[in-house]
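Okay, thanks everyone for squeezing in. I'll put the structure up first, and then I'll walk you through it piece by piece.

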Amino acid sequence: MHIETIAIHAGNHIDESSKAVIQPIVMSTTFERGPDGEYPSGFIYGRAGNPNRALLENVLAKLELGEEAAAFSSGNAAGMAVFQSLKPGTHIIAPDDMYHGLRNQLKTLFAGILWFDFVDQSNPEMVQQAIKPHTGLLWIETPSNPLLKLSNITGLVKIAHENNIKVVVDNTFATPICQLPLTLGADLVMHSTTKYFGGHSDITGGVLITPVKDDWWARIRQVQEMGGAIPAPIDCYMLTRSIKTLPYRMRGHVNNAQLFAEFLENHAKVGQVMYPGLPSHPQHQLAKLQMLAFGGMLSFTVKGGADEARKVVNTVKIFTQATSLGGVESLIEHRASVEGPDTKTPKNLLRVSVGLEHIDDLIEDMSAALAAI
């Protein structure tokens with residue numbers, strides 16, 4: 001099936017008792033056992049499984065062309081499950097430009113338990129040089145947050161697998177509509193489903209997707225069940241509903257982002273524009289080879305410093321100054337102020353989640369804000 005059909009049907013079934021076309025929300029935390037003490041429905045207890053979660057995990061796995069998915073209560077919980085599945089002392093190679101929530105998770109919660117280095121993964125030689133005897137995981141984020149740097153998934157997978165290292169790709173910025181890391185050799189894909197899968201800034205969630213149910217996946221499933229950081233049935237239902245429109249929403253995000261990036265690149269008060277769809281992006285050719293589409297996220301620098309950048313985000317009317325991304329509404333954020341004092345993000349950088357408003361309105365709004373500095 002094509003991805004539009006998968007998005008609509010793989011997370012749904014007709015209810016056997018009521019014949020409802022859309023699956024009902026099952027709020028029960030426990031499920032009746034059969035006369036033999038077994039569980040004829042396949043469900044035991046809400047933490048271990050739920051009908052709505054099963055349908056959500058099915059559609060998420062199929063969209064990424066994976067074998068199975070494990071849904072979590074947030075993207076951070078999904079990332080943490082990977083780290084918790086590793087043996088103490090494992091060394092992780094992570095990107096130097098990485099979502100700050102997971103970076104800080106490694107630096108605080110896992111300090112002294114796991115070892116890690118943050119490396120410029122756009123340079124494969126630096127990844128090769130960072131490998132140690134106890135390296136067990138390569139964590140890739142491409143496009144990266146917030147600098148939109150690209151990593152060559154195929155090339156890095158080759159390096160990792162030659163050294164018996166597992167590879168996880170955070171595919172949140174791209175979604176399976178724009179990039180399919182499992183087809184490029186990755187061992188695991190991670191998403192914050194809060195973002196484009198949810199698409200309306202009203203659901204928090206995360207997911208891990210595997211191409212094969214091996215021993216590592218069994219450990220991750222164990223972390224999911226025993227740790228209990230699982231999404232509620234209503235969140236699963238809402239995510240499944242939102243996913244039905246994901247392919248079409250993403251086309252709108254991508255189209256608007258491309259046009260908005262081109263507008264910014266030609267504006268006198270804008271410095272660098274970071275968007276993989278621009279020929280000026282240093283890895284544009286890699287993006288054309290690796291990605292199916294260029295995504296809805298971009299960053300740009302304002303000529304000047306932090307004061308000028310903050311004036312832009314305080315002047316826009318249609319864009320909302322807020323954290324997160326992937327909703328139908330356009331968001332803009334002064335990223336360095338969110339990431340904390342150790343951030344390497346330029347102080348004049350603004351990150352933009354390009355929404356689904358009319359592109360002319362977005363350009364007019366930004367033009368007025370830039371004119372004010």
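So, one bit of vocabulary before the sheet: I call two strands paired if DSSP finds at least two bridges between them. And please keep in mind that this is a predicted model.

Right, the sheet. With that rule, 5 strands make up an open sheet, and the order is β8-β9-β12-β11-β10, with mixed pairing. Which strands stand at the edges? Those are β8, residues 270-274, and β10, residues 320-321; each has a single partner strand, so one side of each is left without a neighbour in the sheet. Helix α10, residues 246-265, packs on this sheet and touches β8, β9 and β12. The direction of α10 makes about 10° with that of β9.

Let's go along the sheet from the β8 end. β8 pairs with β9 in the antiparallel sense, over 3 bridges, and if you want a spot to click on, Val273 stands opposite Phe300 in β9. Then β9 is joined to β12 by 5 bridges, and those two run antiparallel as well. There you can look for Met297, which stands opposite Ser353 in β12. At the other end, β10 pairs with β11, residues 331-334, in the parallel sense over 2 bridges, with Thr320 opposite Leu331 in β11.

Now stay on β9 for a second. Is β9 largely enclosed or open? It's largely enclosed by the rest of the structure, because 6 of the 6 residues are buried. In a regular strand the side chains alternate between the two faces of the sheet. Here you get Met297, Ser299 and Thr301 pointing one way from β9, and Leu298, Phe300 and Val302 pointing the other way, all of them buried.

Back to α10, since it has a helix partner too. α10 and α14, residues 359-371, pack at an angle of about 30°, and their axes are 10 Å apart. Angles under 35 degrees count as roughly parallel, and α10 and α14 are therefore roughly parallel to each other. The crossing is right-handed. From α10 the contact uses Asn256, Leu259, Phe260, Phe263 and Leu264, and from α14 it uses Ile359, Leu362, Ile363, Met366, Ser367 and Leu370. Sorted by class, that's 9 nonpolar and 2 polar residues, with no charged ones.

There's a second helix pair to show you. α2, residues 51-63, and α9, residues 233-243, have axes that come within 8 Å and cross at roughly 35°. This crossing is left-handed. On the α2 side you'll find Asn52, Arg53, Leu56, Val59, Leu60 and Leu63, and on the α9 side Pro233, Cys236, Tyr237, Leu239, Thr240 and Ile243. The class count for α2 with α9 comes to 9 nonpolar, 2 polar and 1 charged.

Next stop, β4 and β5. These strands run parallel and are joined by 5 bridges, with Glu141 of the pair standing opposite Asp170 in β5. β5 covers residues 166-170, and 4 of its 5 residues are buried, so β5 is largely enclosed by the rest of the structure.

Go past β4 and you hit the loop that leads to α6, which is where Pro143 sits. What is the peptide bond from Thr142 to Pro143, cis or trans? It's cis, with omega near -5°. Pro146 is in the loop between β4 and α6 too, and the peptide bond from Asn145 to Pro146 is cis, with omega near 10°.

A couple of backbone oddities to zoom in on. Ser201, in the loop between β6 and β7, has phi near 55°, a positive value in a residue other than glycine. Ser201 counts as partly exposed, at 49% relative accessibility. Ser324 has a positive phi as well, near 90°; you'll find Ser324 in the loop between β10 and β11, partly exposed at 23%.

Last one: His284, in helix α11, residues 284-290. Buried or exposed? His284 is buried, with a relative accessible area of 10%. Leaving out residues up to four places away in sequence, it touches Pro276, Gly277, Leu278, Pro279 and Phe294. And the C-alpha atoms of His284 and Leu150 are separated by 8.8 Å, though those residues are 134 apart along the chain.

That's my tour, so over to you for questions.

Notes
Residues numbered from 1 in each chain as written. Predicted model: local features only at pLDDT ≥ 70, side-chain atom pairs only at ≥ 80, totals over all residues. Heavy atoms only, no water. Helix = DSSP H or I, 4+ residues; strand = E, 2+ residues; numbered from the N terminus. Contact = heavy atoms within 4.5 Å. Axes fitted to C-alpha atoms, helices over the stretch in contact; angles between N-to-C directions. Buried < 20%, exposed > 50% of the residue type's maximum accessible area, 1.4 Å probe, protein only. Parallel < 35°, antiparallel > 145°, perpendicular 65-115°, else oblique. Left-handed = near helix turned anticlockwise from the far one by under 90°. Nonpolar A, V, L, I, M, F, W, Y, C, P; charged D, E, K, R; others polar.
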